[in-house]
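User: I should like to go through a protein model by way of questions on its helices and their contacts. Please show the sequence and structure before we begin.

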Amino acid sequence: MGMSDDLDIEELAGRAATGDAAALDALLVRIGPQVLRQCLRFLPCRQDAEEACQDALLQVARNIGGFAGRSRFSTWLYVITANCARQTYRTLKRKANEQPTPVLPIDAADPRTTSVIVGSRLDLLDALEQLESHRPELVAPLVLRDLCQLTYDEIADHLAVPVGTLKSRIHDARRHVRASLEAA
């Protein structure tokens, strides 16, 4: 995506946030492919990723009025998308646990997309669930850095924490995730 595309999206988001329905429609069309790519980083099975993507676009449409423009729209969108992907995973996992045999596809994670993954993406999602239960403040920094590949500055800005604090949270989160992946 070029710089002008980015500005377009930020501008569309700003207009959509003020209730411009045409801008919202255009925005959803523009961000669709990007949101799907993002979901595929979390959910290896395309059908699941598409479900999470639809969910994320729906959340954007519903909540765009609450997008205050404090952070960049793209950062806000990453957070919504990551949450929707993880929610889809929780639902799939619950369904899988109700089935006599596991139905989740397992695939090896691409080591380039995440700095700490030794198992599969699904192991990572499990590890994130565990991390969230006892250190919830560590989840967003790790997800935004390792899965969404945002810069430290973008994440610090979005979470309203100093970069130093952010880096130490990411470091702690990676340590916890690594430990739970090794235990798996």
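Analyst: The questions below concern a predicted model.

User: Which residues does the UniProt annotation "domain: RNA polymerase sigma factor 70 region 4 type" cover?

Analyst: The annotation comes from an unreviewed UniProt entry. In the model, the span it names is 81% helix and 0% strand, and its end C-alpha atoms lie 14 Å apart. The residues covered are 140-176.

User: How many of the nine residues of α6 are buried?

Analyst: Residues count as buried when their relative accessible area is under 20%. In α6 the buried residues are V139, P141, L142, V143, L144, D146 and L147. The helix is thus mostly covered, and the number buried is seven.

User: How are α6 and α8 oriented to each other, parallel or perpendicular?

Analyst: Helix α6 comprises residues 139-147 and helix α8 residues 163-183. Their axes come within 8 Å and cross at roughly 85 degrees. Because angles of 65 to 115 degrees count as roughly perpendicular, α6 is, relative to α8, roughly perpendicular.

User: Which residues make that contact, and how many of them are charged?

Analyst: From α6, the contact is made by P141, L142, R145 and D146. On the side of α8, it involves L166, R169, I170, A173, R174 and V177. By class, six residues are nonpolar and none is polar, and the number of charged residues is four.

User: What is the handedness of the crossing of α6 and α7?

Analyst: Helix α7 spans residues 152-159, and its axis comes within 10 Å of that of α6. The two axes cross at roughly 145 degrees. The crossing is right-handed.

User: How many nonpolar residues does the contact of α6 with α7 have?

Analyst: The residues of α6 in this contact are A140, P141, L144 and R145. Those of α7 are Y152, I155, H158 and L159. One residue is polar and one is charged, whereas the nonpolar residues number six.

User: Which residue with a positive phi follows α6?

Analyst: The phi of the residue in question is near 60 degrees. That residue is Q149.

User: Is L40 buried, partly exposed or exposed?

Analyst: L40 lies in helix α2, which comprises residues 21-42. The relative accessibility of L40 is 24%. Buried requires under 20% and exposed over 50%, so at 24% L40 counts as partly exposed.

User: How far apart in space are L40 and A52, C-alpha to C-alpha?

Analyst: In sequence, L40 and A52 are twelve residues apart. In space, their C-alpha to C-alpha distance is 9.1 Å.

Conventions:
Residues are numbered from 1 along each chain as its sequence is written. This is a predicted model: local features need pLDDT of at least 70, side-chain atom pairs count only at pLDDT 80 or more; totals for chains, interfaces and linings use all residues. Side-chain values use heavy atoms; hydrogens and water are left out. Axes are lines fitted to C-alpha atoms, for helices over the stretch in contact, and angles run from 0 to 180 degrees between N-to-C directions. Helices (H or I, at least four residues) and strands (E, at least two) are DSSP runs, numbered from the N terminus. Angles under 35 degrees count as roughly parallel, over 145 as roughly antiparallel, 65 to 115 as roughly perpendicular and the rest as oblique. Contact means heavy atoms within 4.5 Å. Ala, Val, Leu, Ile, Met, Phe, Trp, Tyr, Cys and Pro count as nonpolar, Asp, Glu, Lys and Arg as charged, and the others, Gly among them, as polar. UniProt positions are given in the numbering used here, feature names are shortened, and annotations may be inferred rather than shown by experiment. Buried means under 20% relative accessible area, exposed over 50%, partly exposed in between (1.4 Å probe, protein chains only). A crossing is left-handed if the near helix is turned anticlockwise from the far one by less than a right angle, and right-handed if clockwise.
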